[in-house]
Structure formats: C-alpha cells, structure tokens
Protein chains: 2
Amino acid sequence: MTTDPLVIFTPSGKRGHFPPGTPVLTAARQLGVDLDSVCGGRGICSKCQITPSYGEFPKHGVTVTEDALSDWNAVEQRYDDKRGLKPGRRLGCQARIQGDVVIDVPPESQVHRQVVRKAATARAITMDPATRLFFVQVQEPDMHSPTGDLERLASALRDQWDIPRVTADLSLLAKLQPTLRKGKWQVTVALHKGHADTAARITEIWPGLHEGGLYGLAIDLGSTTIAAHLTNLETGEVTASSGLMNPQIRFGEDLMSRVSYAMMNPGGDVEMTTAVRAALNELTTEIAQEAGIDSSLIVETVFVCNPVMHHLLLGLDPVELGQAPFALATSDSISIGAPEMGLITMNPRARIYILPCIAGHVGADAAAVALSEEPGKSDDLVLVVDVGTNAELLLGNKTRVLACSSPTGPAFEGAQISSGQRAAPGAIERIEINPDTKEPRFQVIGSDLWSDQPGFDEATATTGITGICGSGIIEAVAEMRMAGLLDASGLVGSAAQTGTLRCVPEGRTHAYLIHDASADGGPRITVTQGDIRAIQLAKSALYAGARLLMDEMGVDKVDRIVLAGAFGAHISTKHAMVLGMIPDAPLAKVFSAGNAAGTGARIALCNIAARAEIEWVVHEITKVETAIEPRFQEHFVAANAIPHKTDTFPELSKIITLPAPSFNTGGDGAGGGRRRRRR
Amino acid sequence: MTTDPLVIFTPSGKRGHFPPGTPVLTAARQLGVDLDSVCGGRGICSKCQITPSYGEFPKHGVTVTEDALSDWNAVEQRYDDKRGLKPGRRLGCQARIQGDVVIDVPPESQVHRQVVRKAATARAITMDPATRLFFVQVQEPDMHSPTGDLERLASALRDQWDIPRVTADLSLLAKLQPTLRKGKWQVTVALHKGHADTAARITEIWPGLHEGGLYGLAIDLGSTTIAAHLTNLETGEVTASSGLMNPQIRFGEDLMSRVSYAMMNPGGDVEMTTAVRAALNELTTEIAQEAGIDSSLIVETVFVCNPVMHHLLLGLDPVELGQAPFALATSDSISIGAPEMGLITMNPRARIYILPCIAGHVGADAAAVALSEEPGKSDDLVLVVDVGTNAELLLGNKTRVLACSSPTGPAFEGAQISSGQRAAPGAIERIEINPDTKEPRFQVIGSDLWSDQPGFDEATATTGITGICGSGIIEAVAEMRMAGLLDASGLVGSAAQTGTLRCVPEGRTHAYLIHDASADGGPRITVTQGDIRAIQLAKSALYAGARLLMDEMGVDKVDRIVLAGAFGAHISTKHAMVLGMIPDAPLAKVFSAGNAAGTGARIALCNIAARAEIEWVVHEITKVETAIEPRFQEHFVAANAIPHKTDTFPELSKIITLPAPSFNTGGDGAGGGRRRRRR
C-alpha cells in the first residue's frame, strides 16, 4: 500500500498528503496556505512563485529527492525567458507534486504579506486590502441561455474565486462588453470587497491579465498640510509621498476661524469644500506623475482628518462643530465613490473610506492614531500626542483609552511663524545654539550637513535656505531657552542681556537672528518674540490637553509618550520636552512615531479588517471635550512658561537660567496650576 | 378573577386580550394587524383611523358597550376641528381599550391596502412600496456621548420602527443637521428598503410631520412612445398619466435602425442616450406640474423597456444587441440612483428600478407583462401580446412560459402612417365604414361623439381632427377590409371597383379618404396603400411571433388571448382579429388588458415583493429568439394576407369579399404555411 506524497509548506508549517500530479498551488489552496495567484493557476501571472527545498529534513521527518516535483516545463521556461525567475524558484501552478517535498512560500508570493513599518515601536501591516485583482475566464454568450455579460462575469467570479456576489456601476458596465471581447473572454477585474453582507464591487476591468499594478492613496488631510502616500495595493510598498498646503488656509488658519468663515459668509462652506477638493485632485495627479503611473490605477483612497476638515471634505456645513454640543452630521466611517465627493483625477470608480470620528472635536485623525499606535493594547499607560494645527491626544492602556483634541494652531507646522514654512527642501529643520558663544548651526531639508560643516554651501546651493519648518521652530525655541536667550516667561533677551549681537531689536522686543542672506537678496531668518508667543500658545494648548486627559484618568504621570505629527518623524523628543509640549516622562520613554495619523490611514488602506477594528475601537474610547472644560483653561494658562527642567531631567542638564528679569508672574518653572512630582 | 378585554379587528379577524388602557394602535401592532401609522402613535399623522362597532356580535361572541373605548380626547378633537374625521372614526393611537370591542380597519388605514385594477382579468395590487415615510423623534446631541446626528437618527429608526440599519447619501447628510433642528428633533424620513441584506436608504427628510405625500413614476419606455404614470406611493392611486414621443425616433424608427445608427456613427449611442434622458426629465417635470406636486416628491421610478431602450437609457452601447448572439451587457434588474442615469428633475436621491431583461431581444417590458398578466399562474393556455414598435409575446400556463419579441415596427403606434400620430386629443381612435355606402364615421380622442352625431363639430372645435392614432389605423384597415375596399392581399380598390369616390387615386395606387378639411386649411386624412402595407408588415410580424411560440409549445391553438399595448386599452379585439394580428381564438376569449407593461411597472413600483417575484420568474421563462429562427420568416411571409374569416367566425359576419382581383398568390384566406383548425 502506498501513501500519497507529503507536502510541507514553510513558513506556515502547514502539511498534507496529495495525490501525485497535484499542482503545488492546488495543494496550497486546499491547506489554506497563503500563496498568491491572480490568474487562478493559468501560468500567466507568476504570482505563485515557490522555492522547493531538497535533501534531508529531520525536523519534518522527510527526505526530498530531486524528482519530488515535476520537471521544469514550457510555461516556466517561457516566463523565465521573458521576465526571469530567481534561481531555485518554480511556478506553483506548474510544478506538480511527485514525492515528499518541503516548499517555501517567499514573502512576495504571500497575499497577506507583512509590510514592516519603520518606527521601532510599530506593528507590521498585514496586506489584505479592500481592493484586489482577479483574473477570470468568462463564458461566451449563448443565445439559448441568454444571460447578460455581467451575469456571466459574476458567475465566473463565483466559480473561479468563490466570490458570491458582485455589482458594477454604469460606467463600468459601459466598458464591460468591449473589454470582454478585446480580452477574448479573459479579463482581470479589480474587486472592492464591501462589508460582509454586501456585494463586491467591480471597480475596474482590463482585457487579459492586468500587470500594471493597483494603487491606493492614504491621505492625512490636516488643517494646514495635506500629506498623501501612494501605496502599491499588491505589495504594500509606498511608491510616492507628496504633500501640499491646505488651500483652505486663506479662509482661516485654524479650525474655528474656518467654521466662523462658514457661519459669516453664505456659501463659505461650499467655497472651502471646492478649494480642498481641487487641491486633492491636483495632489492625486502629481503623486501619480511622480510615481510614473496612470492615475486611473488609483482605485482606493483612505482619508483621516479632524471633524471640521471631515465635514468640509464631504460638503457638509461645519457650523454645528463651532458651538456646543459640537454635533457631527455623522460620526461613523464613510464609504463612498470618489466622484460623489468631487474627486475626479483618480479612477472614476475609486472607493473612498474615511475613518470614523470619535467626537465633535476628536476626529478620524485621532481614530487613525489609535489604529496606528494602539494605546488600547498597551500594558503601560501611554500618552500619544499627534501634533498638528489641531492636536489629537490619546491616553490609555488595556483597561481604558481617553481621547481629546487640542487647538494648538498652525505654529507647529511653521505657519504663523515669521520665517516659517512647510517642511520642504531649503527649510531649516534642525538647529543647535552653542550655550557659550550663542552661535547657531543648523541643517536644512535636502542635506545631511550642518551649516558649520565644509561643503554645506555647495550642498544647499540649489535649494537655498528659505525658512524654518515646524520641527525647526520647536528646536529653535528650545535651544534659545537652553542657551539662555529666553527667560522662563518666554521673553527674548537683548544683546546686552544675552551677550550676543544675534539678539537684535525688533520693535519693542527682540529677535534672534539665525541666518542672514539679505546682503545677497536672500532671506533674513529670525525667531521673533511673536514666534515665541505663537509657540508658547501652541505648546500650552498641547500640554493642557494632555493634563486634562491625565486628570480624567486620575493620574499625574504617564509611563510612556509617543510623539507623532504630520510633519513626520522629525520632532526632537528632547526639544519637545524642554519646551514643555508634553508632560514629564523619562526621556528614554519618549518616542517619535512619525505621522501616526497618516500611518493609520495607510493601515486602513492595506488591511480591510483594520477598518472593522477601528470602527469598534472608537466606540470604546472615552471622549473628553476640551472646549467646555474649565480645567483646560487653567492648565492652558499655567503651561505658558518654558520651564527649567534640569532638576527633574538631568539629561537636559544643558539648560541654564537667564540672568535677565523674568516677566512671568508664575516665576521660573512650571508655575501656577501645574503640579510636578519629583522622583 | 377578571379577564382582559377582548379586541377583535375586522376585516382581518385577528383577536387578542389586552389590559385596559392599551391604545388600539398598540393592540393592532401586537396582533400584526395592518393598521397604518407614520407618526408612530403620536396623534399627529391621523393615518391610524379606525371604526369601532357597538352592540351584539353573536358571530364573535361579544357584546360591545358604549364605553368599550376611552372617551374622545383633545387630540382627536383638535384633529377633527382641523381636518375633520368621518363620523364614527377614532384615532387608533388615542382611543384606548376599556372593554370588549370590535374594531374595523378601513381600507385607507391599511398600509398594505389593495389597489383594484380596472381590467376585468387583473389581480389587485397590494400596496407595499419600496419607499415609505417614517416619523421619528431623534435624541438631541450630547457632548458626553458624542455620536453624529445621522447615527442618532438611525438609532431612533431602530428603536421606534425596528429598522436595523440605514445609510444616506452626502446630499442628504448635507441637509440633515438643519432639518433636525428646524423640526425640533422631530422629522419625517422617506426610507427606501433595499434587498433584505442591505441597509435602508434615507432618500428624503422633512422637519416635523411630512404631509405632502410621496410619489413614484412607473414608466413604459417604448421605442416610439414613452408612457408615465405618476403614482401616490401611500394610496397606490395614479395621480396623473402622461406620455410623449421617444425623441430617439429621429435616429431610426425601429430598434435595429437605432442599433445601426450607434454602429455607424461614433458617439451615436451617447446622442440617443442624451435624447431619451432629456425627454424623461421633461416628462417628469410635466407630469408633476399636471398633478400639482413638487417634482422632488418623486422618490422612486420603475422602468420597463425593451433591451435596446434599456441599454440606451443606461448609457450602454447597444451594438451587441444588433448581432447574434445578442448579448446583453446585463440582464438582471438594475437598482441605482436617479442622477447616476442622468435623471435630474425628480428627487436627487430618487431610486430607479429597472425590471430584469429576459433575453437579448426580450426585455424588461416583456418581464413587466409577465408580472402583470401572470401567464405562469394560468390554468388555461394564454397568449399575451403586448403591441408596440417591438411586440412582446408570452405564451404559457402553470407548466411552462415561453417568451419572444417581434419587430412589428412603429405602424401600430401611428408612426410610418401617412396621417398617423400618437394618441392625443384630435386623433381618430375609432372608425366604422358602412359596408353599403362605404361612408366612414369616426370618434376622436377628447370626445365621445361619433362624427355623424349632432354636436360633433362643436365638441372637436378646440382639438380639431389631426390624424389617426394606433388603435384608429388598426380599425381603419380592418373596416376597409370588411367594407370590401381592400382585397385579401391588401390592395385598395379604385373608385370604379369599390363604387365609392372616397377611393381616390394616389400615384399608381389608391387611398381611402376619411376626412378632408383641406378646403379650410385643415388636414386631409387618408389611408394610403403604403399605410396598408405598413400595417400588414406589422401584423405579420406579430402573428409570426405568436405562431413561433405555439410551434415551440407544440400547440396550434390557444385557449385565451390577452391583447395589450402601450396605447392603452383601446385596441379593438374584433378588429385585431379581422386584421389577423393574432391567432384564431373565440372572440369571447380575447381580452384587452391595456398597457400591461406599464401595469407591470406600476406593480413593481407599488409592491417591493413583486420585484423579487419577477426576478425569479424571468429565470423560469423559456426564451425564443425570433431573429435566427427560419420558421419565423416562413410564418411572417404566410401571414401577410388579410384573411376572410366569416367561415370560422360567424360573429365577424359583416366581412364581405371584394370582387376585385386578388394579387395575393396564396389566394383569398390565410394562405401558405398558416394552418387553420375548424371546430
């Protein structure tokens, strides 16, 4: 009596016996092994590449002989000639099982491959996007059984891919018949999986096997900046990233001023909706060009944004968000077609998903941060701070998660700053001030050299030195404080007080000169007293939000802080701490997570289960409303000072105290309502 | 021990015991009695009117005393003062049960009331439209439990109406917040029920109780004419009917000429789509004006049409329908939003439903006829003939139903006829020719008088006598044959041959003059030899289609014939039989059913279950393709003559034979391939 050959798949370890002649792909499917295939085993898509191993496998108890798989065949040879197969690789649909064999499924052949995120603390993203490609062979029409082409395509998808039900828009239907005939009844469709109980939607159809890829956009729509990541929906790879200023800025720099604009100007909401949609259309075209793809290959877009941006994006008047009780028109996630919301430069049948909002002031961006940073899965108490024009804050652990937002204003994004600009080549992003000489040195985006290093001028010749971006201004203010150019109240000292001619008069106050190219017609970059005040307001709001959550949680310290922001992974945790943006925590426990909201968007783009997850999670989050909470105001006022932290933070020992008189009534340090625990 | 009062509802006979104080509406709901309520028992919609009966009811074994219900209350008094309640009526939500009582639910208080159809053989329509009104009290927003307004509306619908899940388009969302506030958190919503597993869709929202009604359109989109019925979705009443010519006629009179136009002219399909959509938009506006309602109250539209009209309506190139195997882009029913198909003069969120197509030549109109006439539920073998530019034919009984379509051309609708016009005031719709004097008399649409009756000229003074409509030309040709003005081959005799000066020369042939107002600058209405030929072609096609179905069924007679057509109930069965439009059957077994396709559309509009029914039924119908069937051509050729039927049909004894020579090679009678059975 003979036994069928044993097939063992790695890395899953799944195993089973199969009759000789069974294709490896068939065996993988029957065992539930994650082996990709778009063409359904027809030997044309090459997605099912596998690597057989030969020899002794004592661990598995098998010996694999050279003839364990069928011989290399003509289909594989043709593919190898045309595209090249890596050595040792076979096509899983062609190679047939002849004897016991150990088969490795390389990561790129896995449908649900994992995309590793850069941030150290971050979880990997498992690829399982809502939209995927399927190649099908459709039955030709038959007069004696006269079903429509769509119905025969649907039945092919049912028979060949187990997809029970599909629908298609009229615009897809209009191209269905010519495409089926052009492809000689073989077509590739992009299918968007809906919720469990709805039909899958055919978003695109190509004749034959489509090999041009499939893309999605993850967009973090901030009040000040819009950041987009073009993501390959098959590999999870970010193909291109791009950003631009939110053109709504001309209607008001922060959220409340935009709501006011809508309230005061009839049709103002429509103006702002039109502006942001036009910017998104432009951004889509640009990012596709940058990646060198046809923008119609963008079949999905995920948005995260605060509630006001959310309403204006959707064409909803945000007026109710400007007054208590801050009622959202809708708080659940949104799933609609791109043209319905005026997005017309991606695929006309692209699907849009917008994460749910948590509350009237705590939006889909906060939900995205929760999805990315998972405070609700944390053992220790973690504070997640997403810095933007409106900051999102989450505090929690496995037992409970609180959320609020805080109106920091656009200063952290380089707006409302005299020499401020968005993060782009030429912007100062890092700065150090020598505490002895009070001389600055800096780095600009686009070069790794410091300004006092040889070759800096050449390296920055093309971009120039154009201004200071968000992370740059945070460092500048913190460095000024550490170099003794600022007192605890935030007052810039004079040249006489500070001993440096870089402290120059500016009206009744002083400014610190970082860079002066005005002699050559270039910019004169200073940090003015107004800039300091803007940063103080912003950081006080941020700090007050964090304190409010801590009050609500009944704690006065947190175990861990994750600092995130639309301007990327560039916030220096040390400088944020010096500035008093965030509550006290050991510096080693303060992490920078990059654009957590954008990452949350990317997770929802790449993994459909993550959408269901965050929809559930937001219902579990306790919302804290800052706008009506008197303690928020108290915390805000008390947090205005730029504290002296050397006592609690020996690692910040560079900080010195200014000899100049302090104008801060709270005195040096954190002042008033702010409690500090010494450890 | 006391027993709770017994409540008996009529006409349902449902009964139960309820604690004293239970509102009648509550008792009805608990028993599943069909008692309407839009406001959910708040005493404001007055839909739940009931009539209590008092006295002895031996049949039910109860005695109802005067105090069986609570006293007439202030809410009822207010309603009676404002609107008036019929004597004996109470509001079911206000009247409370105090003792045994018999309560009648009048038809107008039933949600699922029956709408009686005019045609004698027709089933009643049970009202259960896809879109209904619901009044709800929505919870006000609460900062501490910050869900969106939509989510609170959804939860009100869940709690107050057991509707598990709703969705809303962005355009609805945009008006949600102001409407909720204007209605002080009481609103009426129109909800469109989807398929069982999808969410209900909010198509409209009004502040407070909406009493302006809710409407739907049932549209029979024919190749030549478009007929629409505006239907009140609460009562099922047809509020207005209107029709216009299909403007696509300028691209070709019949289906194949339109397909050819699309094939020969790039963008031709788009032109035709644009034309028909513009006509539909105009028709919608007109019919709403005629009914005196705001067209935004039209929240649903059901279409029936043949496959070419179907594709052109949907913006699909019909080219595949012009050649074997006549593949439809889609054959299943269609359910989409009105704007998606360019319908912009009804509610912007109106839902469109298009019945399924049966085959490439047998469309949603044939499905609608099947829904209306139910051949598959018939005990005897019934032939249903829907006359139009493309005729739909169904033959069947409980065991089996066959369907085909037949290209009759537009002659039956008055097109391609020298004096033809669509059925509108001024058109000749009935005609009689005296067999002795050969003089005609006629009726025109808009007057009940015959042209030889006193007062006719006054009655038709405003409309004039403008032409002949479809039913008029059928009668004219049949009457000409019966009056001996035509021979069996269809040749019009000369004045000498026929003995009447009304037979006037026209080129090489003759025409029969019906009415001449040319002396006063009016029309000269004749039936020309060309008109006769057009009608002969049309009737031969119709007859051949019927014969083909009979061949397929293996029968040479049918038990019953139902004659239907877009031009209404106006086809004279007798004249149709004389003409040879339909196979032989006892005249008493030939019925006129009016616009069966339009009625099918109206059934699908008023009853959502009918949609599921017809979707199932079309899969059970056997499709017969006339275009590739050689026997169709044979039957067609053989059916060209206008037979002499006095032998088989004594009731048609007026028929005389022309003395003039016959040019029909088949001789007088049915000729060639046509078999006739004598009984």
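**A guided look at strands, a buried glutamate and a helix cap**

Guide: E392(A) has its place in strand 21 of chain A, which covers residues 391–397. This is a predicted model, in which local features need pLDDT of at least 70, side-chain atom pairs count only at pLDDT 80 or more, and totals for chains, interfaces and linings use all residues. Residues are numbered from 1 along each chain as its sequence is written, chains are lettered from A and ligands numbered from 1 in the order in which they are written, and side-chain values use heavy atoms, with hydrogens and water left out.

Visitor: What makes residues 391–397 of chain A a strand?

Guide: A strand is a DSSP run of E with at least two residues, a helix is a run of H or I with at least four, and both are numbered from the N terminus; residues 391–397 of chain A are listed as such a strand, number 21.

Visitor: How do you know that E392(A) has no salt bridge?

Guide: A salt bridge needs a side-chain nitrogen of Lys or Arg within 4 Å of a carboxyl oxygen of Asp or Glu, whereas the nearest side chain of opposite charge, R258(A), is 12 Å away from E392(A). Lys and Arg count as positive, Asp and Glu as negative, and His and the chain ends are not counted. E392(A) is nevertheless buried, meaning under 20% relative accessible area, with exposed being over 50% and partly exposed in between (1.4 Å probe, protein chains only).

Visitor: Which residues does E392(A) touch?

Guide: Leaving aside residues up to four places away in sequence, E392(A) touches several residues, among them N306(A), H361(A) and S405(A), where contact means heavy atoms within 4.5 Å.

Visitor: Why is strand 29 of chain B called mostly covered?

Guide: Six of the six residues in strand 29 (560–565) of chain B are buried, with R560(B), V562(B) and A564(B) on one side and I561(B), L563(B) and G565(B) on the other. In a regular strand the side chains alternate between the two faces of the sheet.

Visitor: How do you know that strand 20 and strand 29 of chain B pair?

Guide: Two strands pair if DSSP finds at least two bridges between them, and strand 20 (residues 382–387) and strand 29 of chain B have six, in the parallel sense; in one of these, V385(B) is partnered by L563(B). Strand 29 of chain B also runs parallel to strand 30 (residues 590–594) of chain B, joined by four bridges, and V562(B) has F591(B) as its bridge partner there.
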